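Subject: The structure for you to look through

Dear colleague,

I am passing on the structure we spoke about, together with some notes on what was found in it. Please open it beside this message and follow along at your own pace.

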Amino acid sequence: MFKILRLTIVRHFLNVSNTFNASLLRQIQNVGINDIPKILVSDIRKLMRQKGFAVQDGFTSLTTKCSLCLSEENKPDSKVYINKTTGYFLCPKCNAHGDWNILERLIKKSKVEGSIKDYFDKLQQDKYEFDKHWENLLAETTSLLNLSENEVLDLFRLFEFPYHTEAHKVLCDVRVSKDQTVLYFPLKNSLDTIIGYRKIQAGREEEVETCGHHLAGLFSCRSFKTLKTDQAILVPSIQDVLSLASNKVAGKLIWLSNCSLPPVVLPVLERYQKLCLWGDWENMRAVAEKLGEDRCFFVRPTDGLVTASEAASANLSLKTLVSEAKPASHRSITTFASLRDDVYAELTNIDKVRGVKWKRFPALTKLLGGHRRGELTVMTGPTGCGKTTLCAEMSLDLAQQGVTTLWGSFEIRNFRLARTMLQQFAGVPLEQNLNEFPKFADEFQKLPIFYLAFHGQQPIKVVMEAVEHARYMYDISHVVVDNVQFMLGLGEEREGDRYLRQDAVITAFRTFATARHCHVTLVMHPRKERDSEDLSTSSIFGSAKASQEADNVLIIQDKRLTAVRGKKYLQVAKNRYSGDLGIVPLDFDKDALSYQPKKKAKKQDEPEKLLDNCFQEYSLDEPQDISQILKSSKSKNNKKENVDTFLNDILNLNRTR
């Protein structure tokens with residue numbers, strides 16, 4: 001009976017474990033080689049002209065007439081936008097969108113295939129459902145224009161928005177819930193059609209929720225009573241939009257939530273000849289690259305004031321700062337005169353320049369300063385020391401602060417890596433808290449973490465194509481490769497060949513990090529060293545190129561097997577930013593799979609402890625008679641006398657000896 005019961009429990013645990021792994025695998029976001037479009041702009045132009053479509057070359061897209069709209073009499077002037085990088089097409093008129101291979105099949109064949117027809121019917125159904133949902137939302141909410149001046153003032157105070165007398169006219173398209181605690185910002189496409197919205201709730205302003213059937217729109221507005229221009233100003237927050245509007249800055253004011261610009265919204269900005277970017281240059285640089293640097297201008301930070309709302313709080317002229325915006329493009333040869341503003345901006349924004357700080361590893365932040373874009377980090381350590389686990393937690397720490405991360409795990413499967421990161425995120429053993437799994441998984445899924453759908457040996461060209469595609473599509477700012485040797489399968493090659501191949505990989509990622517302004521972390525195995533010897537930068541497998549090209553070299557030193565009281569610690573062996581070197585102790589928490597240092601309870605100061613004892617002894621809550629107090633003090637004196645007598649006896653005994 002006991003054996004049958006035990007077998008039943010084991011089967012149940014295996015079923016739960018398999019269900020857990022399957023559900024986790026469905027939730028992680030993979031980027032595979034099949035996701036990378038293989039297109040050439042010249043081939044698109046050639047095919048379009050062969051079929052009689054005139055092609056117009058834009059900043060980010062090729063435009064031509066939509067073949068689907070041509071069949072309908074009421075849509076003769078519609079355009080389809082084809083992204084030059086990915087080939088993704090979009091028609092704002094009929095809501096047709098998809099990969100280039102769908103449009104290619106549609107153009108080549110005179111009759112629409114059944115599968116493609118079903119696909120477009122599904123898109124029309126999605127559009128119909130959203131339009132119905134938006135109509136219901138309009139009925140349940142009200143416009144800012146319908147609120148009284150006092151209600152608008154209270155609303156802006158609740159959301160901590162900068163207020164001016166015409167602010168409600170600037171945000172005339174914004175809808176407000178009946179209890180005035182939720183705001184809905186409509187997202188419009190290039191034809192000013194509402195295709196989605198952003199939802200902000202009071203008290204949770206940082207958690208912006210985006211809704212819609214196809215989020216190919218942006219929220220935009222204009223300053224009240226200003227001239228229309230072909231200029232657009234892109235800012236990261238709605239506070240910046242209101243600050244620019246209150247200062248009567250001319251142009252279209254566009255809100256990029258967290259400086260994120262998915263390629264699908266690029267057609268909305270195709271009409272503007274000049275784009276002014278105002279925000280953190282570390283994030284805006286990727287935005288300028290997508291939009292075309294020739295038409296992008298950047299407002300340089302002034303005395304540490306990075307955003308428009310910060311400059312407005314300092315009573316600076318926002319019109320002047322916008323008019324003095326500098327071109328975002330960089331020439332191959334430059335002079336100090338053109339770099340002078342950049343140097344001054346770095347000196348006045350030294351905290352931003354240091355990068356994103358690790359919250360879980362404050363000692364590492366103290367040494368490295370932070371996680372900076374454009375750098376290459378190499379992490380190494382002996383086999384089984386926990387390189388992947390530590391690197392996963394470091395990247396998780398950054399992802400929780402908004403650093404979009406791409407993981408290339410070539411040694412372990414993605415669902416196992418995701419399980420480790422989920423447990424580090426939760427801080428508890430998942431197998432013992434399965435009832436909490438949906439809550440942890442839902443929160444973890446919101447983090448900007450993506451995974452390469454590769455495993456084992458892969459050609460470097462294929463990997464770099466996937467990395468480039470992910471960077472363009474999802475604004476990746478941190479790439480992790482675990483590990484370089486396993487990716488290349490170096491064990492099967494001759495000695496000289498594997499060194500050359502590894503050098504080529506390091507060169508490729510070094511170039512990518514610098515050119516694309518993205519941080520790359522490479523996990524590498526060391527050479528076989530004696531257990532008694534410490535690892536160093538020369539211990540990294542291969543030639544010296546890895547340590548030479550790297551900006552940071554992190555080494556896990558594990559002395560637990562060579563010394564009785566041996567410890568494991570992370571050594572910063574190279575730091576190109578500041579030169580500070582040192583070690584970070586590593587204490588592993590098996591339940592949380594975490595190296596995060598535990599917080600020590602603060603010791604109570606002696607004066608405070610004595611004061612607490614006095615209050616406890618002579619507390620008014622429990623009154624004591626004078627006789628009891630004297631009795632207790634007398635007993636303490638007796639104890640002290642007994643101690644003194646005992647010490648005297650010991651001293652006398654020593655003298656007699």
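**What was found**

Of the 657 residues of the protein, 44% count as buried. Please keep in mind throughout that this is a predicted model. Its secondary structure comes to 22 helices and 25 strands, and the accessible surface is about 36,100 Å², of which 52% belongs to carbon and sulfur atoms. If you take the contacts with a separation of 6 or more, 62% of them are made by residues 24 or more positions apart in the sequence.

**One helix and its two sides**

A good place to begin is helix H5, which covers residues 149–159 and has Val 152, Leu 155, Phe 156 and Phe 159 as its buried residues. Seen down the axis of H5, these buried residues fall within an arc of 95°, so they line one face of the helix. It helps to recall that an α-helix has 3.6 residues a turn, so residues three or four places apart point the same way. On the other side of H5 you will find Asn 150 and Arg 157, which are exposed. What covers the buried residues of H5? The cover includes helix H6 (167–170) and helix H7 (238–246), as well as the strands S8 (175–176), S9 (182–188) and S10 (194–201). Just after H5, Glu 160 takes a positive phi of about 60°.

**A histidine in helix H4**

His 133 is found in helix H4, which spans residues 114–140, and it counts as partly exposed because its relative accessibility is 38%, a value that lies between the cut-offs of 20% and 50%. The side chain of His 133 is joined to that of Tyr 197 by a polar contact of 2.9 Å. His 133 and Gly 212 are 79 residues apart in sequence, yet their C-alpha atoms are 9.3 Å apart in space.

**Salt bridges**

The count of salt bridges comes to 23, and a few of them are worth finding on the screen. Arg 204 forms one with Glu 207, where the closest N and O atoms are 2.6 Å apart; Arg 204 is partly exposed, with a relative accessible area of 45%, and Glu 207 is partly exposed as well, at 49%.

In another salt bridge, the side chains of Arg 360 and Glu 393 meet at 3.0 Å, N to O. Arg 360 lies in the loop between helix H12 (350–353) and helix H13 (362–368), while Glu 393 belongs to helix H14 (residues 387–399), so the pair ties together parts that are 33 residues apart in sequence. Are these two residues, Arg 360 and Glu 393, buried or exposed? Both Arg 360 and Glu 393 are buried.

Glu 375 forms a salt bridge with Arg 372, with 2.8 Å between the closest N and O atoms; Glu 375 is buried, with a relative accessible area of 11%, and Arg 372 is buried, with 7%. Salt bridges that share partners also join Glu 289, Glu 468, Arg 471 and Arg 516 into one network.

**A nonpolar patch on the surface**

Finally, please look at Phe 336, Leu 339, Val 343 and Leu 347, which make a nonpolar surface patch of about 390 Å². Phe 336 lies in helix H11, residues 336–348, and it counts as exposed because its relative accessibility is 55%, which is over the cut-off of 50%.

With best wishes

Conventions:
Residues are numbered from 1 along each chain as its sequence is written. This is a predicted model: local features need pLDDT of at least 70, side-chain atom pairs count only at pLDDT 80 or more; totals for chains, interfaces and linings use all residues. Side-chain values use heavy atoms; hydrogens and water are left out. Patches are made of residues with over 30% relative accessible area and no salt bridge: like charges are joined within 9 Å, nonpolar side chains (Val, Leu, Ile, Met, Phe, Trp, Tyr) within 5 Å. Accessible areas come from the Shrake-Rupley method with a 1.4 Å probe; for residues, only the protein chains shown count as cover. A salt bridge is a side-chain nitrogen of Lys or Arg within 4 Å of a carboxyl oxygen of Asp or Glu. Helices (H or I, at least four residues) and strands (E, at least two) are DSSP runs, numbered from the N terminus. Buried means under 20% relative accessible area, exposed over 50%, partly exposed in between (1.4 Å probe, protein chains only). The arc is that of the directions from the helix axis to the C-beta atoms. Contact means heavy atoms within 4.5 Å. A polar contact is a pair of N or O atoms within 3.5 Å; within protein, one must be able to donate a hydrogen and the other to accept it, and residues adjacent in sequence count only if both atoms are side-chain atoms.
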